[in-house]
Amino acid sequence: MMTKNNDLLYGPEDRIPVLEAGLLGLQHVLAMDVYVPPLIIAGLLSLDAVNKTGFLQVAFLACGLGTLIQTGWLMKMPMSQGPSYVPVGAIVGIYLANGGGRGGMATVLGASIVGAILLILLGMTGLYQKIISKLVPPIVGGTIIACVGLSLLPSAINDNIFQAAGNTNQNIILAGVTMLALLAAIVLSNYFLKLQKFLKAGSIVIAIIIGTLLASQMHLFSWTAIQKASWFAWPQFTALHYGIRFSGSAILTFIIIYIVLTTETTGTWFAMSTVTDTAISEQQWNRGLIGEGLSCLVSALLGSTPMTGYSTNAGVVSITGVASRRVFLAVGFWFIVLGFVGKLSAFLASIPSAVIGGVFSIICIIIMLNGLKSIPQINGNQIYTVGIPMVLTFALNLVPAKIMSQAPQFLQYFLKSPITIAALTAIVLNLILNQEYRVRTPKKSLEN
């Protein structure tokens, strides 16, 4: 079955040779910073090198299994799962408040398991799809997609380039060259039609390779960590190692976190639906939430953090034109391999963040533009349904940490997720302004 979207080289159900799917899947892995949240958590928990490596291993395994569950079995959309940034603060807080190394992680995993089971039950009841169809029409869905891209952009530019380790000027050069390499591959694909598939589909890998080679010439890429890493390592720090403990306050905290994660994942699904020009069916919505819950459950049992659909996938698909689910099954395979092959994991972790930031920033803009493109014609005051959530998204990225820390803890989880606040604002404004439009329309027609 060939895709109807002329911008895609391969549609979701198009078949790709195994080797090509594997290489294109690796491209997604390179563009995703899935190793960052686990490394942040490991650093905040002061884990030693062995524990840090083990924590990263199980995160990769959870990504792989979660991707296979969602893409190959349940939702069947071209996307991959990865650890979310949202629970980072909560995980550290619960860990330290419940004994640290003597039971803290067991409490975190227990709360995560309960939250994951609740997601599965919500999907099984069919309520999720009804909520979406009632509260998220195209104008709200498009706004959420735009806010997803906008919310990620400061992280791409600030965290990965301006505030990344090393010399700022060198980081800017690395990011700039990587961006130019990506754009050059896309432009050249329009002139050399025989190489179009290679240049467009592989544009991100080309850009990352060029950026990494430049980083090596600038002595910003170290082979030391790769040489020290073992070829094969069996995951050790699963739930069998930590144990499982249940705490009421921790469970309540994670229920709030999962509400936020569900909102963010919904935005990701909308983004991928727009990029691939494929509608999400009622059954897919519910099966997708079950898949989300299952991937989080598997992650918790492995000793890792909650998983979520990665919005960067939509940007990569838009750039490369490759949306085949076979590629994302390959992504799942690669993540599982990363969970066992230490040298490959070390190589990915050694790619300078400025190189990833150069690609990531373009991906963010494309996600945002795809969201704006999917918004239907706006009537009257409905312009605020789009505008105000975008303002809030930008504002929440600029709120000083000192002010954020003064808010109640449960509120901080929402405030630290601009997508959630934007989505809730868009839903409420649409309900209010849409109602106003419906009330006024009959009056005008009667007068005429």
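This note goes through helix packing, two loop residues and two buried residues in a predicted model.

1. Helix H8. This helix covers residues 168-191, 24 residues in total. From the first C-alpha to the last, H8 reaches 35 Å, close to the 34 Å expected at 1.5 Å a residue. Its buried residues are Asn171, Leu174, Ala175, Thr178, Ala181, Leu182, Ala185 and Ser189. An α-helix has 3.6 residues a turn, so residues three or four places apart point the same way.

2. Partners of H8. The buried residues of H8 pack against five helices named here in chain order: H7 (138-162), H9 (196-201), H10, H15 (312-320) and H18. Three of these partners, H10, H15 and H18, come up again in the points on helix pairs, and H9 returns with Lys200.

3. H10 and H18. Two packed helices are described by the angle between their axes and the distance between the axes. For H10 (residues 203-217) and H18 (residues 353-373), the axes come within 8 Å and cross at roughly 150 degrees. Angles over 145 degrees count as roughly antiparallel, and H10 and H18 are therefore roughly antiparallel to each other. The crossing of H10 past H18 is right-handed. On the H10 side the contact is made by Ile204, Ala207, Ile208, Gly211 and Thr212, and on the H18 side by Val355, Ile356, Val359 and Ile363. Sorted by class, this contact of H10 with H18 holds seven nonpolar and two polar residues, with no charged ones.

4. H1 and H15. Helix H1 (residues 18-31) packs with H15 at an angle of about 130 degrees, and the axes are 10 Å apart. That angle makes H1 oblique to H15. This crossing, too, is right-handed. Gln27, His28 and Ala31 of H1 meet Asn313, Val316, Val317 and Thr320 of H15. The contact of H1 with H15 has three nonpolar residues, four polar residues and no charged residues.

5. His219. In the loop between H10 and helix H11 (224-228) sits His219. Its phi is near 60 degrees, a positive value in a residue other than glycine. With a relative accessible area of 72%, His219 is exposed.

6. Asp277. The loop between helix H13 (248-276) and helix H14 (282-302) contains Asp277. Here phi is near 55 degrees, again positive in a residue other than glycine. Asp277 has a relative accessible area of 56% and is exposed.

7. Ser417. This residue is in the loop between helix H21 (409-415) and helix H22 (418-447). Is this loop residue buried or exposed? Ser417 counts as buried, because its relative accessibility is 0%, and the cut-off for buried is under 20%. Leaving out residues up to four places away in sequence, Ser417 touches Val86, Val260 and Glu264. The C-alpha atoms of Ser417 and Tyr85 are separated by 8.9 Å, although the two residues are 332 residues apart along the chain.

8. Lys200. Helix H9 contains Lys200. At 18% relative accessibility, Lys200 counts as buried, since buried means under 20%. Not counting residues up to four places away in sequence, Lys200 touches Asp7, Leu9, Ile186, Ser189, Ile319, Thr320 and Gly321. One of these, Ser189, is also among the buried residues of H8, and another, Thr320, is one of the H15 residues that meet H1.

Methods. Residues numbered from 1 in each chain as written. Predicted model: local features only at pLDDT ≥ 70, side-chain atom pairs only at ≥ 80, totals over all residues. Heavy atoms only, no water. Axes fitted to C-alpha atoms, helices over the stretch in contact; angles between N-to-C directions. Helix = DSSP H or I, 4+ residues; strand = E, 2+ residues; numbered from the N terminus. Parallel < 35°, antiparallel > 145°, perpendicular 65-115°, else oblique. Left-handed = near helix turned anticlockwise from the far one by under 90°. Contact = heavy atoms within 4.5 Å. Nonpolar A, V, L, I, M, F, W, Y, C, P; charged D, E, K, R; others polar. Expected span 1.5 Å × (residues − 1). Buried < 20%, exposed > 50% of the residue type's maximum accessible area, 1.4 Å probe, protein only.
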